[in-house]
Amino acid sequence: MAGSARLRTLLLLVSTISLCVLSVVAAEREGAELILLNEIARASNQSLLWGPYRPNLYFGVKPRIPNSFAAGLLWTAVNDFESVQHTIRYQCEQGDNMAGYGWEEYDVRTGGNQVIRDPGNKIDIETAFVKVEGGQNGGNWGVRVKGTLREDASIEHKTTMVLNIGHGGLGSILLENEPDEKGLTGTVQLNGNLPQLGNFKVEITRGPESNHPPRQGVKSEWEHRPLDRTMYSSVKVPPNDVWKAKDVLFQKWQENFQHMAERHKPDSHPPPWQTFVLENEFEGGNLHFIQKVFEGDFEFDILFSSESAPAEMTSALLTEKIQENHETFTTKFNKVFKRQAPFDTDKYKGFAQNFFSNLLGGIGYFHGTSMVDRSYADEYAEEDEVFWEEALAAQKRPGAVKEEGPSELFTSIPSRPFFPRGFYWDEGFHLFPVADWDMDLTLNIVKSWFSLVDADGWIGREQILGDEARSKVPPEFQVQYPHYANPPTLFFILTKFIDTFEKAQAAGTAQKDPTESLEDNTPAGFSTSELPTVHLEHPEAAHAFLKELYPRLKRHYYWFRDTQKGEVRDWDRKAFSTKEAYRWRGRTPDHCLTSGLDDYPRAIPPHTGELHVDLLSWMGLMTRCIKRIASTIGEVDDAAEYARIETAVIRNVDDLHWSDLHQTYCDATIDAFEESVHVCHKGYISIFPVLLGLVPRDSPKLGKVLDLMEDPEQLWTPYGLRSLSKADALFGTGENYWKGPVWININFLAIQRLAEYAAAAGPHQAQAARIYEKLRKAVVENVYNEWKDTGYAWEQYDSVTGKGQRTAHFLGWTSAVVSIMAMPETVAVVPVPEAPKVQEEVRDEL
C-alpha cells in the first residue's frame with residue numbers, strides 16, 4: 001500500500017513537472033511569436049511611413065501620419081502675363097493637356113523616377129524620389145527636381161518652381177537660415193519637430209553651377225530681390241487649410257503685383273518673372289514657400305534628414321540611390337512580371353514598367369471626415385412601388401447628412417487627375433499586380449480598408465476623406481449611405497493571399513529569425529527587400545493577419561446578406577434556396593451605381609422584386625473566400641456554414657438567373673402580372689457567374705456563355721469584350737458608360753477565368769483555350785497602342801475603334817494588363833483527371 005502511494009505521488013510529480021515544462025514551452029513559443037509579429041509591424045510601418053502619398057498632386061510627399069508634414073511642388077512658365085494664369089501646375093488636372101506624365105519606375109519602399117511632359121510650359125519636369133531606411137522615424141528621403149526645356153522653347157525660357165511645406169498639427173517647422181529681405185543664398189534649411197517624426201531637417205539645395213536665373217528685367221527690382229537667390233515666405237494658416245497652399249501662393253503673388261504697381265508706372269511694370277515672385281516673410285508660420293526662378297534647364301535637390309537616422313541625407317547619397325533603385329527595380333520587375341509571348345520583346349518593357357509604376361505611384365494616404373446619411377429613413381428600405389423617388393426625397397431632408405470621423409485610409413486610387421480617392425470596388429483590381437510585387441504592402445492596404453467597417457458591417461463605397469478630397473467631388477456625390485453596397489473585390493485579394501501563402505509553404509520557403517543581432521539605428525529584423533514576402537514565409541504572421549481581420553470580414557459578409565437580400569418566396573420563385581437571392585439597393589431607372597456598372601441596362605421600371613445576377617455572383621465569391629479563411633484559422637463551424645451557403649448560391653445562380661429563352665444568365669424582375677421574369681441585356685452581367693468561377697467546367701451553360709463571349713455580333717471585339725451586346729437596343733445609348741465600351745477590369749477577370757477553364761478537363765476546354773489566347777492578345781495590344789499614341793492609360797476603350805476615352809491617366813484597374821502580359825501565351829489542352837465529386841445535401845432552409 002505504501003509503495004503504491006509513493007508511486008502515485010511520483011507519477012503526480014512527473015505529471016506536474018511535465019505540465020510546467022509544456023507551459024513554459026508554450027509561453028516561450030507565444031513570446032517568440034509576439035516578438036515576430038511586433039517586429040513585422042514595426043519594420044513594415046517604418047518602411048512604408050514616407051512616400052509621395054499625395055497622388056492628387058503632380059508631386060507631393062507626406063508620411064502616413066494624420067495632420068503632419070506635407071510638401072508639394074508647383075511650377076509655371078513666367079515669360080508673359082497672359083499665359084501664367086493658365087499654366088500653373090500643382091494638382092493633376094486632365095485639362096492641363098500634358099503629353100503624358102507619371103512614374104517610369106517606382107517602388108513604394110525605395111522610390112523611383114517620374115517624368116511630367118508639360119507642353120503648355122514648354123518644359124519636362126523630372127522628380128527622382130528615393131528613401132533611405134534607418135532610425136526610428138521612417139528614415140530619410142530626397143528628391144532631385146530637374147527641368148529640361150522642350151524642343152519648341154527658346155534658350156531664354158523662364159520657369160519658376162515653388163516648394164511648399166506645411167503641417168496641420170502640433171509641433172513646428174522653422175527656418176534655420178539667417179533672414180534676409182532680399183532672399184536666401186545657398187542651401188535653404190528648415191528644422192522641424194513633429195509628433196511621431198521627432199527632430200528633422202529639410203534642405204533645398206542651390207543646385208549645380210549650370211543653373212541660371214533670369215538676368216533681364218527692371219534693375220530696381222533686381223536690387224530689391226535678385227533672382228539668383230531663393231525667395232522664402234512663411235505664413236500662418238488654419239490647420240485644415242494647409243492643403244490650400246496654391247490658393248495662399250496666389251494671394252501672395254497678387255499682393256506682390258499690387259506693391260509693384262504702386263512702385264512702377266504701367267508702361268514700366270516689371271516682367272512676369274519678377275512679378276510672380278514672393279515677398280520674403282519670416283513670421284514662423286505653419287506653411288512655408290520656397291521659390292526659385294530659372295532661365296533654361298535647371299536642377300536642385302530636396303533632402304529630408306531624420307535626426308534618428310544613422311547618417312544625413314546628402315546630394316551624393318541621392319545620386320547613388322537613384323542609380324541603385326533603377327538597377328534594383330529593373331531586376332525585380334523582370335523577375336516578378338516575366339512577360340510572356342508575344343509581349344516578351346523590348347517593345348513592351350517600358351510600357352509594362354510605366355503602367356505598374358504608376359499603379360504604385362497612385363497609392364496615397366488620406367485622413368479626414370466624411371459625409372454620411374445615417375438617418376435610416378423608412379424610404380431607404382426600398383419596399384414601395386416607386387422607392388427610388390421616395391428615397392431621393394428622403395435624401396434631401398434637412399439634417400439627414402452628418403460629418404463623421406475623422407478616418408484614415410491607405411489606398412491605391414483609380415486616377416490621379418479625376419478620382420484621387422479610395423473606391424471600394426476598384427481596390428481589389430488594383431491589388432492583383434501589387435500582391436505579386438509586395439504582399440506586405442497589399443495586406444497593409446487591405447487592413448486599412450477593413451478598419452473602416454462600422455458596427456453594422458458597412459464600408460462606404462467611396463472614401464472622400466477631408467476637405468481636400470471633397471474639393472474634387474460635386475456635393476451631390478459626397479454623401480455615403482449605410483444601406484448601399486459595392487462589389488467586394490478585396491475578397492479576390494484575400495483569396496490570392498491564401499493561394500500564394502499555401503504555395504510558398506509547400507515550396508518550403510526559408511524563414512529568418514528577426515530577433516537575431518538587432519542593432520541600434522538599423523532596420524532591425526527585416527530589411528526593405530525582405531518585407532514584401534514576410535507574411536508568406538512566416539505562418540504565424542499569415543494566421544495572425546487573418547485572425548485579426550476575420551471578425552470584421554464576418555460582420556461585413558453578414559451585412560451584405562442582410563441589407564442586400566432579395567425575395568424568393570414572396571414571388572413564388574422556384575429555387576434550391578429561398579435565401580440566396582440578392583438585390584442592389586440604390587437603384588434608379590437610369591442607374592445602379594452601387595453595382596459599379598452604373599448605367600448598364602436593368603429592369604425598367606425598377607421593382608422591389610428584382611434580383612441581380614452580378615450581386616449573387618459576388619456573394620458566391622465572398623462566401624467561397626471567407627470559407628477558406630475560416631478553415632485556415634480553425635473556425636470549423638463557421639466554415640461548414642459557409643460551405644452550405646456556397647452550395648446554395650451556386651445552385652441558385654442557375655435556378656434564378658438562367659434563361660432558357662435567351663440561353664444566358666439574366667437579372668430577374670416582376671412583370672405586370674406579378675410573375676417573375678428574366679430581364680436579359682446580354683453583356684457583362686450575363687457572364688458574371690463565369691467570371692467569378694461559379695459555373696462548373698462541365699456545365700452546358702458554360703458553353704453558351706463562351707459562345708456569347710466569342711460572338712462578334714454580341715460581346716467580341718478586336719479590342720476586348722464589350723460591356724453590352726452590339727445587338728442590344730440600348731447599345732451605345734445615353735451616357736454610354738457601361739453600354740458598349742471595353743473595360744479592362746472585366747476583361748482581366750475573363751482572361752483569368754478562361755485560363756482556369758482551359759487548364760482543366762471538360763467539354764469546353766478547347767473553346768476556353770482558344771478565346772483565352774486571342775482575348776489576351778487583343779486587350780494588351782490595344783491598350784499598348786493607345787498608350788503609344790496618347791501617352792496615357794484610359795478608363796475605357798471604344799468598342800468600335802479601340803480608342804481610349806473618358807478619364808486619362810487611369811492607372812487603376814487598367815494596369816491589370818501588366819498581370820495579363822505575365823500570363824502564358826497559350827494554355828495546353830491536356831486532359832486532367834477529375835477529382836471525385838462530393839454532393840452535399842443542403843436543404844431548403846438555406
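Let's start with strand 14, residues 287–295. It is mostly covered: nine of its nine residues are buried. Keep in mind that this is a predicted model.

Look at the two faces of strand 14. On one side sit Leu-287, Phe-289, Gln-291, Val-293 and Glu-295, and these are buried. On the other side sit His-288, Ile-290, Lys-292 and Phe-294, and these are buried too. So both faces are covered, and the list includes Glu-295 and Lys-292. In a regular strand, side chains alternate between the two faces of the sheet.

Now the partners of strand 14. Strand 8, residues 158–167, runs antiparallel to strand 14, with nine bridges joining the two. One pair to click on: Met-161 is bridged to Lys-292. Strand 12, residues 231–235, is also antiparallel to strand 14, this time through five bridges. There, Ser-234 pairs with His-288.

How confident is the predictor? The protein chain has an average pLDDT of 93, and 93% of the residues score at least 70. Two stretches need care. Over residues 514–523, pLDDT stays under 50, and the model has 14 contacts there beyond four places in sequence. Over residues 838–846, pLDDT again stays under 50, with 18 such contacts.

Next, two helices. Helix 7 covers residues 349–361. Its 13 residues reach 18 Å from first C-alpha to last, close to the 18 Å expected at 1.5 Å a residue. Is helix 7 enclosed or open? Of its 13 residues, 11 are buried, so helix 7 is largely enclosed by the rest of the structure. Among the buried ones are Phe-351, Phe-355, Phe-356, Leu-359 and Leu-360. Gln-353, Asn-354, Ser-357 and Asn-358 are buried as well.

Helix 15 spans residues 613–632. Its 20 residues should cover 28 Å at 1.5 Å a residue; the end C-alpha atoms are 29 Å apart, which agrees. Burial is similar in kind: 15 of the 20 residues are buried, so helix 15 is largely enclosed by the rest of the structure. Just after helix 15, Gly-634 takes a positive phi of about 85°.

On to the cores. In soluble globular proteins, nonpolar side chains tend to be buried together. Here, the largest nonpolar core has 188 residues. Which residues have the most contacts inside it? They are Phe-69, Phe-351, Phe-450, Leu-494 and Trp-738. Helix 15 gives the most to this core, with 11 residues. A second, separate core has 23 residues, including Met-231, Leu-249, Trp-273 and Phe-289. Phe-289 takes us back to strand 14.

Zoom in on Phe-450. Leaving aside neighbours within four places in sequence, Phe-450 is in contact with Tyr-424, Ile-459, Leu-490, Phe-491, Leu-494, Leu-549, Arg-552, Leu-553 and His-556.

Last topic: cysteines. How many disulfides does the structure hold? One. Cys-666 is joined to Cys-680, S to S 1.8 Å. The link is right-handed, with 100° about the S-S bond. Cys-666 lies in the loop between strand 21 and strand 22. Cys-680 lies in the loop between strand 23 and helix 17, and the two cysteines are 14 residues apart. Both Cys-666 and Cys-680 are buried.

Two further cysteines to look at. Cys-92 counts as buried because its relative accessibility is 0%, and the cut-off is under 20%. Cys-625 is buried too, with a relative accessible area of 1%.

Notes: Residues are numbered from 1 along each chain as its sequence is written. This is a predicted model: local features need pLDDT of at least 70, side-chain atom pairs count only at pLDDT 80 or more; totals for chains, interfaces and linings use all residues. Side-chain values use heavy atoms; hydrogens and water are left out. Helices (H or I, at least four residues) and strands (E, at least two) are DSSP runs, numbered from the N terminus. The expected span of a helix is 1.5 Å times one less than its number of residues. Buried means under 20% relative accessible area, exposed over 50%, partly exposed in between (1.4 Å probe, protein chains only). Two strands pair if DSSP finds at least two bridges between them. pLDDT is the predictor's confidence in each residue, from 0 to 100. Contact means heavy atoms within 4.5 Å. A nonpolar core is a set of buried Ala, Val, Leu, Ile, Met, Phe, Trp, Tyr and Cys residues joined through side-chain atoms within 4.5 Å. A disulfide is a pair of cysteine sulfur atoms within 2.5 Å.
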